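Thanks for coming. I will take one structure today and go through it region by region. Please have the view open as I talk.

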Amino acid sequence: MEFKLLPGGTINGEARVPGDKSMSHRSMMLGALAEGTTRVTGFLEGEDALATQSAFRAMGVEIERLGEGEVLVHGVGLRGLKAPSGPLDLGNAGTGMRLMCGLMAGQTFDTVLTGDASLCSRPMGRVIDPLTLMGAEIASEEGGRPPLVISGGNSLQGIHYDLPMASAQVKSCVLLAGLYARGRTSVTEPAPTRDHTERMLRGFGYEVSNENGVISLQGGGRLKATDIDVPADISSAAFFLVAASITPGSDLLLTHVGINPTRTGVLNILRLMGADITLKNEREVGGEPVADIRVRYAPLQGIDIPEDQVPLAIDEFPVLFIAAACAEGRTVLRGAEELRVKESDRIAAMAEGLDTLGVPNEVLDDGIIIDGGSPIGGGEIRTHMDHRIAMAFAIAALRAEKEIYVLDCDHVATSFPGFDALARGLGLQITVQAD
Ligand SMILES: O=C(O)C1=C[C@@H](OP(=O)(O)O)[C@@H](O)[C@H](O)C1
Ligand SMILES: C=C(OP(=O)(O)O)C(=O)O
């Protein structure tokens with residue numbers, strides 16, 4: 001399917017975007033491995049998290065859907081999974097595959113992890129390396145690409161691992177393997193990354209320490225079932241934070257959004273650009289901070305994005321590039337080479353689309369320079385089958401002078417089912433058509 005967008009519009013109203021994808025994956029994983037029944041509300045019924053859910057069903061875990069986003073997971077305990085009868089297909093999800101690698105390395109049976117064409121082109125050496133040090137045996141395709149064959153029956157040994165890149169997926173993979181390892185498993189990261197794994201493990205009664213940046217846990221414990229309320233995903237909210245910020249006359253309230261400080265780079269960066277964002281009703285829900293976010297139009301200025309914000313906004317850069325295109329002056333992003341190994345090479349894919357719209361930009365190895373403030377045109381945008389590229393260019397239409405056609409939008413359903421209807425309700429002139 002493709003999105004057709006008419007130029008212009010304003011963004012007004014109130015909305016709750018779907019549940020956090022990172023937490024939804026983790027709620028299925030820890031719920032399945034806990035003792036007792038975990039009730040999850042606000043679960044993201046997007047393809048990525050549903051693929052993780054199916055993987056656990058394939059390993060004998062009973063998971064009941066009670067209603068929209070409401071799920072009961074009947075945990076089987078850390079040693080209770082059964083060998084699946086075939087490969088586990090994790091769809092489009094890097095998070096699903098990398099975290100499952102850590103868990104599957106600790107099982108007594110062999111597993112094959114696979115996914116779609118995008119996932120099968122993404123590097124898994126970053127998780128194979130530390131898991132191999134722990135005693136796991138993992139075979140991959142050339143260049144550490146999936147499908148991965150993980151041999152069961154290896155006893156894992158706790159290690160200390162200094163992460164070579166700021167990656168919550170690698171950190172989580174090592175810590176989850178550590179649940180099955182002898183002794184302590186610890187990691188340090190070059191910069192803080194999202195800490196949902198650590199928080200959720202604690203919520204399941206598992207001790208995880210963080211002493212001066214050394215995050216560690218002791219293997220051989222137990223997870224105790226709990227209730228999890230998944231807040232709205234700030235990565236999905238980001239599209240509308242930018243939409244309202246760039247469109248004169250906009251005033252929007254996004255409710256129940258997760259504002260974990262390891263995820264709020266998008267708020268910090270937009271505020272540095274001059275955005276008018278206020279947090280209301282700040283509260284803590286199940287160990288995660290949550291707030292309602294009000295955003296009103298404000299003229300934006302280009303900035304040098306502070307590098308310490310990069311891991312805290314890593315998934316929000318596609319739409320932040322649209323904010324930069326609408327800002328006065330130059331925005332410079334550096335230190336963001338990780339963007340090249342997401343569902344697409346997001347630096348190259350965004351630069352291609354910005355070129356189509358006539359937005360001056362220069363690609364760097366580890367980032368991009370965008371000169372904002374000139375007119376934004378229209379045209380056909382290729383998404384490279386990347387959900388965030390598709391949604392980012394849909395938002396650009398608010399300030400475009402001509403129609404924008406975003407081709408290949410099916411992957412939007414991986415993280416944001418119902419994006420087009422919600423966007424239309426808030427004022428985006430978007431229609432969906434078959435391609
Ligand atoms: O741990 C997670 O849930 C995620 C970590 C990030 O990936 P990296 O660890 O590769 O940075 C992020 O891009 C992804 O969308 C979700
Ligand atoms: C990078 C992303 O997800 P994943 O790595 O789980 O595919 C994303 O959702 O932007």
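I will start at one particular residue pair: aspartate 251 sits opposite arginine 296, which belongs to strand S19. This is a predicted model, so please hear everything that follows in that light. The pair I just named is part of the pairing between S17 and S19, residues 288-296, an antiparallel arrangement with 6 bridges. Aspartate 251 also has asparagine 12 opposite, with the aspartate in S17. That second pairing is between strand S2, residues 12-15, and S17, residues 251-258; these two run parallel and are joined by 4 bridges.

Next, the overall division. The domain assignment gives domain 1, which is 2-19 + 231-433, and domain 2, which is 21-214. Taken over C-alpha atoms, the centres of domain 1 and domain 2 are 28 Å apart. In the contact there are 23 residues from domain 1 and 25 residues from domain 2. On the domain 1 side, the residues touching domain 2 are 8 nonpolar, 9 polar and 6 charged.

As for annotation, UniProt has an unreviewed entry that places the feature "domain: Enolpyruvate transferase" at residues 8-419. In the model, that span is 28% helix and 27% strand, and its end C-alpha atoms lie 18 Å apart.

Now the ligands. Which residues are around ligand 1? They are Ser22, Gly94, Thr95, Ser167, Ala168, Gln169, Ser172, Arg194, Ile314, Asp315 and Glu338. By class that shell has 6 polar, 3 charged and 2 nonpolar residues. Two helices, H3 at 94-104 and H5 at 168-178, each supply at least two residues of it. H5 gives the most, with 3 residues. Both domain 1 and domain 2 contribute at least three residues each to the shell around ligand 1.

Ligand 2 has Lys21, Ala93, Gly94, Thr95, Asp315, Lys342, Glu343, Arg388 and Ser415 around it. Here the division is 5 charged, 3 polar and 1 nonpolar. Where does ligand 2 lie with respect to domain 1 and domain 2? Since both domains give residues to its shell, ligand 2 lies between them. If you put the two lists side by side, Gly94, Thr95 and Asp315 appear around ligand 1 and also around ligand 2.

Let me go on to a sheet that H5 packs on. It is an open sheet of 4 strands, in the order S11-S13-S15-S14, with mixed pairing. Strand S11, 160-162, and strand S14, 209-211, stand at the edges with a single partner strand each, so each has one side without a neighbour in the sheet. Ignoring direction, neighbouring strands are turned by 20° against each other on average. S14 pairs with strand S15, residues 214-218, in the antiparallel sense, over 3 bridges. In that region, glutamate 211 has valine 214, in S15, as its bridge partner. H5 packs on this sheet and touches S11, S15 and strand S13, which is 184-188; the direction of H5 makes about 170° with that of S13.

While we are here, look at the loop between S14 and S15, where asparagine 212 is found. Asparagine 212 has a positive phi of about 50°, although it is not a glycine.

One other piece of backbone geometry: proline 146 and proline 147 are joined by a cis peptide bond, with omega about 0°. Proline 147 has its place in strand S9, residues 145-150.

The last item is another open sheet, this one of 3 strands, ordered S20-S22-S21 with antiparallel pairing. Its edge strands are S20, 329-333, and S21, 361-364, each pairing on one side only. From one strand to the next the twist averages 10°. S20 and strand S22, residues 367-372, pair in the antiparallel sense over 5 bridges, and valine 332 stands opposite isoleucine 369 in S22. Helix H9, residues 317-326, packs on the sheet, touching S20 and S22, with its direction at about 30° to that of S22. Helix H10, residues 346-357, packs on the sheet as well, touching S21 and S22; its direction makes about 165° with that of S21.

That is the end of the tour.

Terms used
Residues are numbered from 1 along each chain as its sequence is written. Chains are lettered from A and ligands numbered from 1 in the order in which they are written. This is a predicted model: local features need pLDDT of at least 70, side-chain atom pairs count only at pLDDT 80 or more; totals for chains, interfaces and linings use all residues. A residue is near a molecule or strand if its C-beta atom, placed from the backbone, lies within 6 Å of it. Ala, Val, Leu, Ile, Met, Phe, Trp, Tyr, Cys and Pro count as nonpolar, Asp, Glu, Lys and Arg as charged, and the others, Gly among them, as polar. Domain bounds come from an automatic or database domain assignment. Two strands pair if DSSP finds at least two bridges between them. Axes are lines fitted to C-alpha atoms, for helices over the stretch in contact, and angles run from 0 to 180 degrees between N-to-C directions. Two residues are in contact if their C-beta atoms, placed from the backbone, lie within 7 Å. UniProt positions are given in the numbering used here, feature names are shortened, and annotations may be inferred rather than shown by experiment.
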